[in-house]
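Here is a short tour of a protein model, written for someone who is new to reading structures. Keep the 3D view open and find each residue as it comes up.

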Amino acid sequence: DKLGNHSNASSEVEFHGAWARMVGEPGRGVPTIIEMVGHTRLDCVIGAAAGMRSGVASATHHAAHRGAFGKTLIDQPLMRNVLADLCLESEATTALAMRLARAYDEAAADADAGENDTDAQLFKRLATAVGKYWTCKRAPNHAFEALECLGGNGYVEESGMPRLYREAPLASIWEGSGNVMSLDVLRALTRSPRSLEVFLGEVEQAQGADPRLDAGVQQLKDQFADPTTLETRARRVVESMALCLQGSLLVRNAPPAVADAFCASRLDGDGGLEYGTLPSGVDFESIIARSRPQL
């Protein structure tokens, strides 16, 4: 009897005298299952992105048609801040999910060619753990904030928002909770030290494009200076890795309004601890218009 995810049955089973067929090579059971686990973790990132997109679609649509104090909600300055922040998180998560998916295609092609420990394979291994930790941690509060945009209507089952909210925590638990993913990042760095170089190489493709991103990357590098406390600080380090990667992807691929708002609020500290705390100079209209359903 789970909190959510009711359409997906879960149980613990025991097999007694059951017929079985080996998958993979003898003695290679763990590596075989880990390959599946990696894809499932990618699914978790994609699922978090999809949930955020659903929340943004519902929140922006409702705000565009609900009136209060002589204006529609979407025209109220503070609501625009909230909506833009939700849109920003959704776009950053989608960009990360798509970059990870590309890495899986590239890594598979390298494996088919008989190549191991390529840049794509190292990036895939490290960035999956980084991405799953961060995007799945951000999803529940994103769903809550999107629900709140609908007010009391969002708390009613018929709106669909309660189900979205109940589903949101699952991906963070599935195939590795927050601590497991953070320690998995450290494990990947220990087993393949070059993976950090590859990861930073991806992030630094945007080097020089935004000084706030450059400063964030330098701060990230500094966090590896003291390996004796790295495990204690693992969540903070992984968070910084995720933000730098998202920032780099948006600076390279997103419109200036999106990239500027992300760097200002997520990397430069000009944002609060909750959604709806973007700085006043952000181009809220452009960010919302980019994500709002066109009906």
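## A patch on the surface

Four residues, V30, I33, I34 and M36, make up a nonpolar patch on the surface, and together they have about 370 Å² of accessible area. Keep in mind that this is a predicted model. One member of the patch, V30, belongs to helix 1, which covers residues 29-65. Is V30 buried or exposed? V30 has 59% relative accessibility, so V30 counts as exposed.

## Two pockets

Let us turn to empty space. Rolling a probe the size of a water molecule over the atoms shows where empty space is left. The largest pocket holds about 1100 Å³ of space. Its lining has 26 residues, and those closest to the centre are I34, E35, Q121, K124 and R125. Helix 1, helix 2 (77-112), helix 3 (119-149) and helix 6 (178-191) are the elements that each give two or more residues to this lining. Which of them gives the largest share of the lining? That is helix 1, with eight residues. You have already met I34: this residue is part of the nonpolar patch and is also among the residues closest to the centre of the largest pocket.

The second largest pocket has about 580 Å³ of space. Around it are 24 lining residues, and W134, E239, L243, S265 and R266 lie nearest its centre. Here the elements that give two or more residues to the lining are helix 3, helix 8 (211-222), helix 9 (234-253) and helix 10 (256-267). Helix 3 therefore deserves a second look in your viewer, as a name that appears in the lists for the largest pocket and the second largest pocket.The table sets out the classes of residue in the two linings.

| Pocket | Nonpolar | Polar | Charged |
|---|---|---|---|
| Largest pocket | eleven residues | six residues | nine residues |
| Second largest pocket | seven residues | ten residues | seven residues |

## Pairs of opposite charge

Side chains of opposite charge can pair when their charged atoms come close. In this model the count comes to 17 salt bridges. Three of them are described here.

Begin with R290 and E91, which form a salt bridge whose closest N and O atoms are 2.9 Å apart. This pair links distant parts of the chain: R290 sits in helix 11 (residues 284-291) and E91 in helix 2, 199 residues apart. The partners can also be described by how much of each is accessible. R290 counts as partly exposed because its relative accessibility is 46%. E91, with a relative accessible area of 13%, is buried, since buried means under 20%.

The next pair is E106 and R102, whose side chains meet in a salt bridge with an N to O distance of 2.9 Å. How far apart are E106 and R102 in helix 2? They are four residues apart, so about one helical turn separates them. E106 is partly exposed, with a relative accessible area of 30%, and R102 is partly exposed too, with 43%.

The last pair is R125 and D184, which form a salt bridge with their closest N and O atoms 2.9 Å apart. R125 lies in helix 3 and D184 in helix 6, so this pair ties together parts that are 59 residues apart in sequence. R125 is partly exposed, with a relative accessible area of 33%, whereas D184 has 6% relative accessibility and counts as buried. Salt bridges with shared partners join R41, R125, D184 and R187 into one network. R125 may look familiar, as one of the residues closest to the centre of the largest pocket.

## Two residues with positive phi

To finish, look at the backbone in two loops. F69 has a phi near 55 degrees, which is a positive value in a residue other than glycine. You can find F69 in the loop between strand 1 (67-68) and strand 2 (71-72). With a relative accessible area of 81%, F69 is exposed.

E175 also has a positive phi in a residue other than glycine, with a value near 50 degrees. Where is E175 placed? E175 is in the loop between helix 5 (170-173) and helix 6. E175 is partly exposed, with a relative accessible area of 27%.

Definitions and conventions: Residues numbered from 1 in each chain as written. Predicted model: local features only at pLDDT ≥ 70, side-chain atom pairs only at ≥ 80, totals over all residues. Heavy atoms only, no water. Patch = residues over 30% accessible without salt bridge, like charges linked within 9 Å, V, L, I, M, F, W, Y side chains within 5 Å. Areas by Shrake-Rupley, 256 points an atom, 1.4 Å probe, with all protein chains shown as cover. Buried < 20%, exposed > 50% of the residue type's maximum accessible area, 1.4 Å probe, protein only. 1 Å grid on protein atoms, 1.4 Å probe; cavity = no way out; pocket = protein on both sides within 12 Å on 5 of 7 lines; lining within 4 Å. Points joined across faces, edges and corners; volume = space filled by probe spheres on them. Nonpolar A, V, L, I, M, F, W, Y, C, P; charged D, E, K, R; others polar.
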